[in-house]
Amino acid sequence: MVHLVREQNRKLPVLAAGGIVDGRGLAAALSLGADGAVLGTRLWASQEALGPSSYKDAIASATSCDDVIRTCVFDTI
């Protein structure tokens, strides 16, 4: 995406998203040319995030994504 935006001489910021969970992921995204990164689920599980502890515990204890159910619940809380 970065190459496509740059080739078209567009002055749009490119943000990496999905699977970035630590500083190494952010560094990788920036080294590939992204202007920044979006962290969603990782921050949702933090103590500072508003929401039920049961949701946060479920996210933090998940070991696989094989039984993921797509929903808008985290976008509307």
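Student: Is Asp35 buried, partly exposed or exposed?
Tutor: In this predicted model, Asp35 is partly exposed, with a relative accessible area of 45%.

Student: And what does the side chain of Asp35 meet?
Tutor: The side chain of Asp35 meets that of Arg6 in a salt bridge, at 3.3 Å from N to O. Arg6 lies in helix H1, while Asp35 lies in the loop between H2 and strand E2 (36–38), so the pair ties together parts that are 29 residues apart in sequence. Arg6 is partly exposed, at a relative accessible area of 37%.

Student: How many salt bridges are there in the whole structure?
Tutor: A search of the whole structure finds two. Besides the pair just described, the side chains of Arg24 and Asp22 meet in a salt bridge, with 3.2 Å from N to O. Arg24 is exposed, with a relative accessible area of 69%, whereas Asp22 is partly exposed, at 32%.

Student: Which end of helix H2 does Asp22 cap?
Tutor: Asp22 caps the N-terminal end of helix H2, which covers residues 23–31. A side-chain oxygen of Asp22 lies 3.2 Å from the backbone nitrogen of Arg24. Arg24 is therefore the partner of Asp22 both in this cap and in the salt bridge between their side chains.

Student: What follows H2?
Tutor: H2 is followed by Gly33, whose phi is positive, near 105°.

Student: Which residue other than glycine has a positive phi?
Tutor: Asn9 has a phi near 55°, a positive value in a residue other than glycine. For context, most residues other than glycine have a negative phi. Asn9 lies in the loop between helix H1 (2–7) and strand E1 (15–17), and Asn9 is exposed, with a relative accessible area of 71%.

Student: Changing topic: how many helices and strands does the chain have?
Tutor: The protein chain has five helices and two strands. Along the sequence, their pattern reads α-β-α-β-α-α-α.

Student: What share of the residues is buried?
Tutor: Buried residues make up 14% of the 77 residues in the protein chain. The accessible surface comes to about 6,400 Å², and 57% of that surface belongs to carbon and sulfur atoms. As for contacts between residues at least 6 apart in sequence, 15% join residues at least 24 apart.

Student: Which charged residue is buried yet has no salt bridge?
Tutor: That description fits Lys56, which is found in helix H4 (residues 53–61). The nearest side chain of opposite charge belongs to Glu48, 7.4 Å away. Side chains of opposite charge can pair when their charged atoms come close, but a salt bridge requires a nitrogen and an oxygen within 4 Å.

Student: Then which residues does Lys56 touch?
Tutor: Leaving aside residues up to four places away in sequence, Lys56 touches Trp44, Ala45, Ser46, Gln47, Ala49, Leu50 and Gly51.

Student: Where is Gly51?
Tutor: Gly51 is in the loop between helix H3 (41–44) and H4. Gly51 counts as partly exposed, at 34% relative accessibility. Not counting residues up to four places away in sequence, Gly51 touches Trp44 and Lys56.

Student: One last topic: which elements have the lowest and the highest mean pLDDT?
Tutor: Among the elements of the protein chain, helix H5 (residues 73–76) has the lowest mean pLDDT, 62, and H2 has the highest, 94. The chain averages a pLDDT of 83, and 88% of the residues score at least 70. Where pLDDT is low, the predicted coordinates should not be read in detail.

Note on methods: Residues numbered from 1 in each chain as written. Predicted model: local features only at pLDDT ≥ 70, side-chain atom pairs only at ≥ 80, totals over all residues. Heavy atoms only, no water. Helix = DSSP H or I, 4+ residues; strand = E, 2+ residues; numbered from the N terminus. Buried < 20%, exposed > 50% of the residue type's maximum accessible area, 1.4 Å probe, protein only. Contact = heavy atoms within 4.5 Å. Areas by Shrake-Rupley, 256 points an atom, 1.4 Å probe, with all protein chains shown as cover. Lys, Arg positive; Asp, Glu negative; His and termini not counted. Polar contact = N/O pair within 3.5 Å; in protein donor to acceptor, adjacent residues only side chain to side chain. pLDDT = per-residue confidence, 0-100.
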